[in-house]
Amino acid sequence: MTQTIDERQQKVQGYKARFAERGVKHFIGGQWVDSRNGETFETLSPIDGSLIATVASGNEADIDRAAAAAKAAFPEWRDMGGAERKKLLHKVADLIEARADEIAHLETLDTGQAIRFMKSAAARGAENFRFFADRATEAQDGSSLPTKGFLNYTIRQPIGPVGVITPWNTPFMLSTWKIAPALAAGCTVVHKPAEWSPVTAALLAEIMDEAGVPKGVVNLVHGYGETAGKALTEHPDIKAIAFVGETTTGSHIMRQGADSLKRVHFELGGKNPVVVFADADLEKALDAVVFMIYSLNGERCTSSSRVLVEAAVYDEFTAQIAERARNIKVGDPFDPSTEVGPLVHPKHTQKVTSYFDLAKAEGATIAAGGTFDGNFVPPTLFTHARNDMRIAQEEIFGPVLTAIPFENEQEALEIANGVRYGLAAYLWTSDVTRAHTFAHRLEAGMVWVNSENVRHLPTPFGGVKNSGIGRDGGDYSFDFYMETKNIAVSLGTHKTARLGVGQAQPARDAVDKKLAE
Ligand code: NAD
């Protein structure tokens, strides 16, 4: 049943009402609390700049309180059986599913992402919990490495309280992607969500509490990166930081965590190439290229923001992208037919649109878009670009695609690899040998051949070069949130070298002999 605009607005008002009234608070040790110093900031909707809610703005004292709660809750959570944890995490997934509509609407209100995508993002949040819930029972499993006289075996143990720091683009889904494996592993968590879209983090905390996750196991502290985020990365009781965000922030976190030797996991920026050879199924390639840059407002780490097209088909292929880009529906993100909503924040809009003048100054052509109204930025395509231009090198993180022609495989590879990033790469060709050899030589953590980004949760997710450190997914996540311990048990047959006996006796005999002479 389709809703009228009034019905849609009423629904959103209903969902936002309690946050508007009470504000968005921290969740520490099972209590909803204000900042110690009472500071707050406002979260505004990128749709029209209206106030959604005031949000508690945390600093060192609040992080300290949250870290203490996570530390106190750790032993019991660590020692809880995997089967019990599994049950709890499935309950979280059930509740996410039950409240998926509310999550999707509040996410759209806070981020500007189109509701059609946020509905599936909420479902994916539930899937993340289910996936790791099912693995909670085997998280501690190790391997047996017997040798002569010994049985070596390994076990995995949760590392301790961990910090999770998330960005603003699809905050709910990304938070679940980090928090679910941490909890399944037996870690307790302090979560610091992004200041531009904090609302659904509160929903997630509420849901976990309702599901029966014990108090202190998950804590939420809102605030700015330079205050709350920094304090979290420096806290001595926080054993590891799982971070998703910009590459430069990753560098800051590494420095901040150095004194406490923090273990870090980084999912950072990208400037992901999609390489289209003339022998590819160009119709399918077109669908995938358009989807991977213009869905989620282009605010997506795995977006294919550079399209590299073989020269023979470049003009026609880019003309088709431009036509599709012009047809994409930009507008009210709550309208189910909208494909691109407003960008998250006026500052981000300013950054994204600053590349329009730059593109012209660098000698590229704006073949579609290149305008904006408020935070609404229509899909934009730059053609006739070279890889050394800033529009081809820098992560724009909006609905903006840079198209570059190439003559042959070698040139395509040099362009694809010629950026500081290496998160994802996409490759379109019908030549099976080329598909494999080219994929092997691409500098990226993940390569999709003849496909857009289709996730399978057990596969490793992460980047190389400046796009990240470490992998998530399946067992890879447990490797980060857990320590592997080796236990060597002697079977009683090995010989220990003896000191303080043996050699000493003849030496003493020689001394006695000397004295007797
Ligand atoms: P950001 O780095 O500005 O902020 C991310 C988080 O870090 C926020 O919560 C912020 O408050 C916090 N932060 C900022 N400075 C900090 C500091 N000094 N210490 C501790 N925390 C600090 O990123 P953003 O603008 O929110 O998100 C967009 C970026 O995220 C893009 O670069 C995008 O590619 C990246 N991203 C990567 C992935 C991935 O999986 N690789 C996924 C989504 C987004």
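Over residues 32-487 the chain is 43% helix and 20% strand, and the end C-alpha atoms lie 42 Å apart. In these figures, helices (H or I, at least four residues) and strands (E, at least two) are DSSP runs, numbered from the N terminus. The stretch 32-487 carries the annotation "domain: Aldehyde dehydrogenase" in an unreviewed UniProt entry; UniProt positions follow the numbering used here, feature names are shortened, and annotations may be inferred rather than shown by experiment. The model is a predicted one, in which local features need pLDDT of at least 70 and side-chain atom pairs count only at pLDDT 80 or more, while totals for chains, interfaces and linings use all residues. Residues are numbered from 1 along each chain as its sequence is written, and side-chain values use heavy atoms, with hydrogens and water left out.

The chain is divided into domain 1 (11-268 + 471-481) and domain 2 (273-459), with bounds that come from an automatic or database domain assignment. Taken over C-alpha atoms, the centres of domain 1 and domain 2 are separated by 30 Å. To their contact (heavy atoms within 4.5 Å), domain 1 gives 31 residues and domain 2 gives 32 residues.

An open sheet of 7 strands follows the order β14-β15-β16-β13-β12-β18-β19, and its pairing is mixed. Two strands count as paired if DSSP finds at least two bridges between them. At the edges stand β14 (365-368) and β19 (446-449); each has a single partner strand, so one side of each is left without a neighbour in the sheet. From one strand to the next the twist averages 25°. Within this sheet, strand β13 (residues 306-310) and strand β16 (residues 400-406) run parallel and are joined by 5 bridges. Leu308 stands opposite Ile404 in β16.

Helices also pack on this sheet. Helix α10 (residues 282-294) touches β12 (273-276), β13, β15 (380-383), β16 and β18 (424-428), and its direction makes about 140° with that of β16. Helix α14 (residues 409-417) touches β12, β13 and β16, at about 150° to the direction of β16. For such angles, axes are lines fitted to C-alpha atoms, for helices over the stretch in contact, and the values run from 0 to 180 degrees between N-to-C directions.

A further sheet is open, has 3 strands in the order β5-β6-β22, and is paired antiparallel. Its edge strands are β5 and β22 (482-490), each of which pairs on one side only. Direction ignored, neighbouring strands of this sheet are turned by 20° against each other on average. Strand β5 (residues 144-147) is joined to strand β6 (residues 150-158) by 4 bridges, and Thr147 has Phe150 as its bridge partner in β6. The two strands β5 and β6 form a hairpin with 2 residues between them, and Gly149 in the turn has a positive phi of about 85°. Helix α16 (residues 474-481) lies across β6 and β22, running at about 85° to β6.

Finally, helix α3 (residues 82-98) packs with helix α5 (residues 115-135) at an angle of about 170°, their axes 8 Å apart. That makes α3 roughly antiparallel to α5, a term used for angles over 145 degrees. Among the contacting residues are Leu89 and Val92 of α3 and Phe129 and Arg130 of α5.

How values were computed: Parallel < 35°, antiparallel > 145°, perpendicular 65-115°, else oblique.
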